[in-house]
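Biologist: I should like to learn how to read the features of a protein model. May we take them one at a time?

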Amino acid sequence: MTINLLQTPEYKTIMKSHILQTIEYLFSKNQEFAVACEIAHVSFSPALPKEIAESFQETVLFILSGYTFESASIDKEYFSFEAGFGPDNFGATVTVPLLAIKQVLLGENPLVFNLSRYEEGKKEATSTKSSMEALLKNPENKKLLKKR
């Protein structure tokens, strides 16, 4: 069985860190940039009107400049910013999981190219299962578990 190295938890951790550090670097240099994101994992608060939401393709490019850039923030899991959409400039806060960011661009130059897939909620389930399997592989650990 071949393992897709770009989808392993280890690689995803590296990629998430790379995205975080690249965006933090751009912030530190006060440099405007753009991100291409998988729209399926992007949330808008308040929700966008139906006609605007339905106009997006599978991947959407957000250009962070002016107020949108100034409002942007990042943490270890999410990137968010405020933006206006549609002809009426409908305002919403956009929140994107870091691994749903497929590219970070400076002008026309890609700085980050993310080939890993974001899978909502999978991290916790995988890590718990893996921890239990590792625990149970050692027969000495079985005696630590209470019998029900």
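Modeller: Let us begin with exposure. A residue is called buried under 20% relative accessible area, exposed over 50%, and partly exposed in between. Please keep in mind that this model is predicted.

Biologist: Is leucine 115 buried, exposed or partly exposed?

Modeller: Leucine 115 has a relative accessible area of 44%, so it is partly exposed. This residue lies in the loop between strand 8 (109–113) and helix 4 (122–137). Together with Leu6 and Phe113, Leu115 forms a nonpolar patch on the surface, with about 270 Å² of accessible area together.

Biologist: Let us turn to sheets. What is the order of the strands in the open sheet that contains strand 8?

Modeller: The order is 3-1-7-8, and the pairing in this sheet of four strands is antiparallel. Strand 3 (59–64) and strand 8 each have a single partner strand, so one side of each is left without a neighbour in the sheet. From one strand to the next, the twist averages 25°.

Biologist: How many bridges join strand 1 to strand 3?

Modeller: Six bridges join strand 1 (residues 33–38) to strand 3. As one example, valine 35 has phenylalanine 62 in strand 3 as its bridge partner.

Biologist: Which strands does helix 1 touch where it packs on the sheet?

Modeller: Helix 1 (residues 9–28) touches strand 1, strand 7 (101–106) and strand 8, and its direction makes about 140° with that of strand 8.

Biologist: What is the strand order 2-6-5-4?

Modeller: That order belongs to an open sheet of four strands with antiparallel pairing. Within it, strand 5 (residues 78–85) and strand 6 (residues 90–97) pair over eight bridges.

Conventions: Residues are numbered from 1 along each chain as its sequence is written. This is a predicted model: local features need pLDDT of at least 70, side-chain atom pairs count only at pLDDT 80 or more; totals for chains, interfaces and linings use all residues. Side-chain values use heavy atoms; hydrogens and water are left out. Two strands pair if DSSP finds at least two bridges between them. Helices (H or I, at least four residues) and strands (E, at least two) are DSSP runs, numbered from the N terminus. Patches are made of residues with over 30% relative accessible area and no salt bridge: like charges are joined within 9 Å, nonpolar side chains (Val, Leu, Ile, Met, Phe, Trp, Tyr) within 5 Å. Accessible areas come from the Shrake-Rupley method with a 1.4 Å probe; for residues, only the protein chains shown count as cover. A salt bridge is a side-chain nitrogen of Lys or Arg within 4 Å of a carboxyl oxygen of Asp or Glu. Buried means under 20% relative accessible area, exposed over 50%, partly exposed in between (1.4 Å probe, protein chains only). Axes are lines fitted to C-alpha atoms, for helices over the stretch in contact, and angles run from 0 to 180 degrees between N-to-C directions. Contact means heavy atoms within 4.5 Å.
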